[in-house]
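Biologist: I am new to this structure and would like a close look at a single part of it, namely the aromatic rings and how they pair. Could you take me through them slowly?

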Amino acid sequence: MTAGNTVTRAQLKTPSAAAIAGLLFSCLLIIAFWLFRISIPADPQEPGSWLHASSDDVAIALNLVPFAGISFLWFIGVLRDRLGQREDRFFATVFFGSGLLFLAMLFLAAGVVGGLLIAFAAKPDELIGSATFHFARAAVYVTVNVYLVKMAGVFMITTSTIALYTGIAPRWLALLGYALALLLLFGSYYISWSFFVFPVWVFLVSLSILVDNFRRDTSDSAPKP
């Protein structure tokens, strides 16, 4: 391996890469969730009138979701590489598995909503109020508000535990992750804004890692007495 390749790999392994990926994921997902929230009524039994007025906003949100997913995969990968030999197999499995399940259900929900938009464009009068629409709408509602946010909660618990043992994030942020994860696990079905909790927490973790890395770089570059 050449010296140039060694330097490049060392740069890729810095916590800055994970922090930037986490910040990008958080921002994209918050924007996408916000567009969904203002465009689609919270009531899963509504007939679908939002398709007439809000299809464009929903389409924008759907286009943001894949990029958010790519950023999240990068965030997971760089964090695991950062942990290296300190990574516990049990927590690594739950950490990686819950992250992948979260992404799978996010993409599944986005795919169903995208299918509704395509079906509406083809036959708008037949779709609104139909049994097909109500089934798809209910499937998205349950997937997001029950299963997706609970996998996010599991991811937060394992990440917080890893942070406590390895110090990749402040202790208060790990404890906050436990509290917010419990909220997602037991209250997500009753709180309509609960899906915002996860990207906001990832944003805080990523920002903390980025600030800590900046301080270390500043300390290392300071002249020694």
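Modeller: This is a predicted model, and a good place to begin is with Trp50 and Phe133, both of which are buried. The ring centres of Trp50 and Phe133 are 6.5 Å apart and their planes stand at 45 degrees, so this pair counts as tilted, since the stacked class needs an angle under 30 degrees and the edge-to-face class one over 60. Trp50 belongs to helix α3, which covers residues 50–83, while Phe133 belongs to helix α6, residues 131–166, so the pair ties together parts that are 83 residues apart in sequence.

Helix α6 also takes part in a second pair, in which Phe155 meets Phe95 of helix α4 (residues 89–122), and because of this pairing parts that lie 60 residues apart in sequence are tied together. Here the rings are stacked, with 4.8 Å from centre to centre and 25 degrees between the planes. Phe95 has a relative accessible area of 2% and is therefore buried, the cut-off being under 20%, and Phe155, at 1% relative accessibility, counts as buried too.

Phe95 and Phe155 are also members of one aromatic cluster, whose other members are Phe25, Phe72, Phe75, Phe102 and Phe198. In total the count comes to 14 aromatic pairs.

As for the setting of these rings, the chain has eight helices and zero strands, and buried residues make up 44% of its 225 residues. Among contacts between residues at least 6 apart in sequence, 82% join residues at least 24 apart.

How values were computed
Residues are numbered from 1 along each chain as its sequence is written. This is a predicted model: local features need pLDDT of at least 70, side-chain atom pairs count only at pLDDT 80 or more; totals for chains, interfaces and linings use all residues. Side-chain values use heavy atoms; hydrogens and water are left out. Helices (H or I, at least four residues) and strands (E, at least two) are DSSP runs, numbered from the N terminus. Buried means under 20% relative accessible area, exposed over 50%, partly exposed in between (1.4 Å probe, protein chains only). Contact means heavy atoms within 4.5 Å. Rings of Phe, Tyr and Trp (its six-membered ring) pair if their centres lie within 6.5 Å; planes under 30 degrees apart count as stacked, over 60 as edge-to-face and the rest as tilted.
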